[in-house]
Amino acid sequence: MISNKEEWYVVHTLPGKEQVVYDGLVRRGFLAYLPLVSKEYNRNGKVILRKCPLITNYVFVNIMESRLSQLNFIVGSKQLLCFDGNPVTVTETEIGWLKKLCMHNPLPQVTGNYKKGQKLRITGGVLSGIEGEIIKLGNQSKIVICCGLPGYSFELDIEDKMFEILN
């Protein structure tokens, strides 16, 4: 049964065409979201700050399932991201998490003695409310933040006082 409520869908783009797809969606009147982060590049000794997609090759669009066919001819897009033959949807909460990730600046390091697989909730800073899982890489602990896209997660370093371990 086709849903009449708007949901966030994931549009798969051609490489480097995220902004083109986002602009095309907005021009057609769709509510779209392209998570961007600032990245530093060094060119001839000059540091250049540039906005880049947080997740390459994907743009999010809020649309009713009955209108998905209207996304077929967006310049730079390939198709909707699907899992088991069904379009992937992302919740409003997960879109909020992506927005928080985009606002987050240089990340401090985890210094505590935590175990791989421990679940946690971030309690401070711009990522407050996001839940994740700790993994161990070498001598450094990292937090994996899942964003709702199959196969995508984000590694963050974060101060001990900024999260709580969940049971």
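Reader: Which residues of helix α1 are buried?
Author: This is a predicted model, in which local features need pLDDT of at least 70, side-chain atom pairs count only at pLDDT 80 or more, and totals for chains, interfaces and linings use all residues. Residues are numbered from 1 along each chain as its sequence is written, and side-chain values use heavy atoms, with hydrogens and water left out. Buried means under 20% relative accessible area, exposed over 50% and partly exposed in between (1.4 Å probe, protein chains only). In α1 (residues 18-27; helices are DSSP runs of H or I, at least four residues, and strands runs of E, at least two, numbered from the N terminus), the buried residues are Glu18, Val21, Gly24 and Leu25.

Reader: Why do the buried residues of α1 lie on the same side?
Author: The arc is that of the directions from the helix axis to the C-beta atoms. The buried residues of α1 are on the same side because they cover an arc of only 130°.

Reader: Which residues of α2 are buried?
Author: Helix α2 spans residues 92-103. Its face turned away from the buried side carries the exposed Glu92 and Met103. The buried residues are Glu94, Ile95, Trp97, Leu98, Leu101 and Cys102.

Reader: What does the side chain of glutamate 94 reach?
Author: Glutamate 94 is in helix α2. This residue is buried yet has no salt bridge (a side-chain nitrogen of Lys or Arg within 4 Å of a carboxyl oxygen of Asp or Glu), and lysine 5, the nearest side chain of opposite charge, is 11 Å away. At 2.9 Å, the glutamate 94 side chain reaches the backbone nitrogen of threonine 91.

Terms used
Expected span 1.5 Å × (residues − 1). Lys, Arg positive; Asp, Glu negative; His and termini not counted. Polar contact = N/O pair within 3.5 Å; in protein donor to acceptor, adjacent residues only side chain to side chain.
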